Amino acid sequence: MEVPKEGTAVQIVDHLFRHQSGKMISVLTRLFGIHNLTMVEDVVQEAFLKAMQVWPLNQLPDNPAGWLMQTARNKAIDIIRRQQNFQQYSKELSHQLQLETEATVQHFFLDSEIKDSQLRLIFACCHPSLKEEDQIAFTLKTVSGFGSSEIAKALVTNESTIQKRLYRARQFIIEHRIQLEIPSGNALSERLEIVYTILYLLFNEGYNSSKADELIRKDLCAEAMRLCNLLSEHKSGKQPATYALLSLMCFHASRFDSRVDENNTIILLQHQDRSKWNRDLIDRGYYYLSLSSEGDALSVYHIESAIAAEHCMSVSFDATNWQRILGLYDLLLIQKATATVVLNRAIALAHLNRVNEAILQIKSIKNIDFLIESQYIYNAVLGDLFLKQKKNDQAEKYLLNACRLTNSQPEKNLIVEKLEFLKRSN
């Protein structure tokens, strides 16, 4: 992680808080136990407050991140030495504290142990008894260092709602004395599925942000990729599905710079400049997809990554193998028969000149009337399909619905362009 070379000490501290506080909380939580999370957060805050006080008066340390870790480490040692009842800390630490305190604490701050601590905290944040929305908020806050207001903006809700979610998650974990551990056996498989879901949702919110003025939240995508990469490097996370999910993220992230133009309007796949696609990320995507091929299990992430790979390997939109993509969606429907998958399969049908069949498939989705009344994307796709059929009245109805239902300015800009095209063609 690069520290900015320019800027005030306050700006550098702000940058480091965003990128280092999660690591510090992870290792200190492992030291003191997750039931002492409030104390841990106080220790981390004190380290950053000390930096705010000291750095403006002195030369910036050569390794600011290391300085913060050292400060937190020293504070942890002070607290441990002042306490006589070691049992109030984590079980892992209590039996070691009879040894030399500083050497014990130093061990927890090794790079390998910091990564291990972060992974343990991710599994705790993704405890199956927590609600999904609480898992996401708690992971962003505790592991990733997002503030409450930042989480609220990322998840398009208000700060009080996020604070309630964080409080619920914190209280549950404290009251039930959830252990910071990486499960094994069947429990590992079950918990990994939850972790995958949370990372997938986190990346998707960044990739198709619900924020009004920002289609892509690169910070959310980058954090999802960082955590997924962390998982892939640990022996417990070296699973085919982990690599498939990371591959999918790489393929999607490779297209960031081609998805929105200078006027903040969405550029559809068929009009994107493929020379702007990040070849390094595409190559990484292929690498992880290759790693994911070991074993017999075929997860939804394998199939979705294979679909994304088809787009990345096509030299142009016209060269896309839509028949192969349709076959992959058929496979995906077997495992994940959601409205979104049906919608995407219908889009593949339309690109095979089976537009009427695509419309009928969308209309057959369960609760489609409710989805049309409440969600932008179904109207946008139907409007586009009727536009292809030159059924302008139908197209206009759905496009107007889409414009009404989205808060995203890039999405509105795209719909307005299509409506203007309709006016000109009437």
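A salt bridge, as I use the term this morning, is a side-chain nitrogen of Lys or Arg within 4 Å of a carboxyl oxygen of Asp or Glu. With that rule in hand, please look at E357 and R354, whose side chains meet in a salt bridge at 2.9 Å, N to O. The structure before you is a predicted model, and every value I quote is computed from it.

Let me stay with the charged pairs. E357 is partly exposed, its relative accessible area being 36%, and R354 is likewise described as partly exposed, at 30%. Some of these bridges share partners, and in that way R30, E113, D116 and R120 are joined into one network. How many salt bridges does the rule give? The count comes to 14.

Two further members of that set deserve a closer look. In one of them, the side chains of K75 and E46 meet at 3.3 Å, N to O. K75 belongs to helix α3, residues 64–82, and E46 to helix α2, residues 37–54, so this pair ties together parts that are 29 residues apart in sequence. K75 is partly exposed, at 24% relative accessible area, and E46 is also partly exposed, at 38%.

The other is formed by K218 with D257, where the closest N and O atoms are 3.3 Å apart. This pair links distant parts of the chain, 39 residues apart: K218 is in helix α11, residues 218–233, while D257 is in the loop between α12 and α13. K218 counts as partly exposed, with a relative accessibility of 43%.

I turn now to the aromatic residues. A search of the whole structure finds 11 aromatic pairs. One of them is the stacked pair of F203 and Y207, with 6.0 Å from centre to centre and 15° between the planes. The two residues are four apart in helix α10, residues 185–207, and are therefore separated by about one helical turn. Are these two residues buried or exposed? F203 is buried, at 2% relative accessibility, and Y207 is buried as well, at 9%.

Y207 has a charged partner too: the charged end of R259 sits over the ring of Y207, 3.9 Å from its centre. A second arrangement of this kind involves R255, whose charged end sits over the ring of W277 at 5.6 Å from the ring centre. Elsewhere, Y196, Y200 and Y301 form one aromatic cluster.

Next, two of the helices. Helix α9, residues 159–175, has 17 residues and reaches 24 Å from its first C-alpha to its last, close to the 24 Å expected at 1.5 Å a residue. Which residues of α9 are buried? They are I162, R165, L166, A169, R170, F172 and I173. These residues cover an arc of only 165° around the axis, which means that they lie on the same side of α9. On the other side of the helix, K164, Y167 and E175 are exposed. As for what the buried residues of α9 meet, they pack against α2, α6, α7 and α8. After the helix comes R177, whose phi is positive, near 45°.

The second helix is α12. It has 14 residues and reaches 20 Å from first C-alpha to last, close to the 20 Å expected at 1.5 Å a residue. Of its 14 residues, 13 are buried, so α12 is largely enclosed by the rest of the structure.

I shall finish with two individual buried positions. S117 lies in helix α6 and counts as buried, at 1% relative accessibility. Apart from residues up to four places away in sequence, S117 touches S26, V27 and R30. That last contact, R30, also appears in the salt-bridge network that I described earlier.

The other position is C228, in helix α11. Its relative accessible area is 0%, and C228 is accordingly buried. What does C228 contact, leaving aside its neighbours within four places in sequence? The contacts are L199, T242, L245, L246 and M249. Finally, C228 and L119 are 109 residues apart along the chain, and their C-alpha atoms are separated by 9.9 Å.

Definitions and conventions
Residues numbered from 1 in each chain as written. Predicted model: local features only at pLDDT ≥ 70, side-chain atom pairs only at ≥ 80, totals over all residues. Heavy atoms only, no water. Phe/Tyr/Trp six-rings, centres within 6.5 Å; stacked < 30°, edge-to-face > 60°. Buried < 20%, exposed > 50% of the residue type's maximum accessible area, 1.4 Å probe, protein only. Lys NZ or Arg CZ within 6 Å of the ring centre and 35° of its normal. Expected span 1.5 Å × (residues − 1). Arc of directions from axis to C-beta. Contact = heavy atoms within 4.5 Å.
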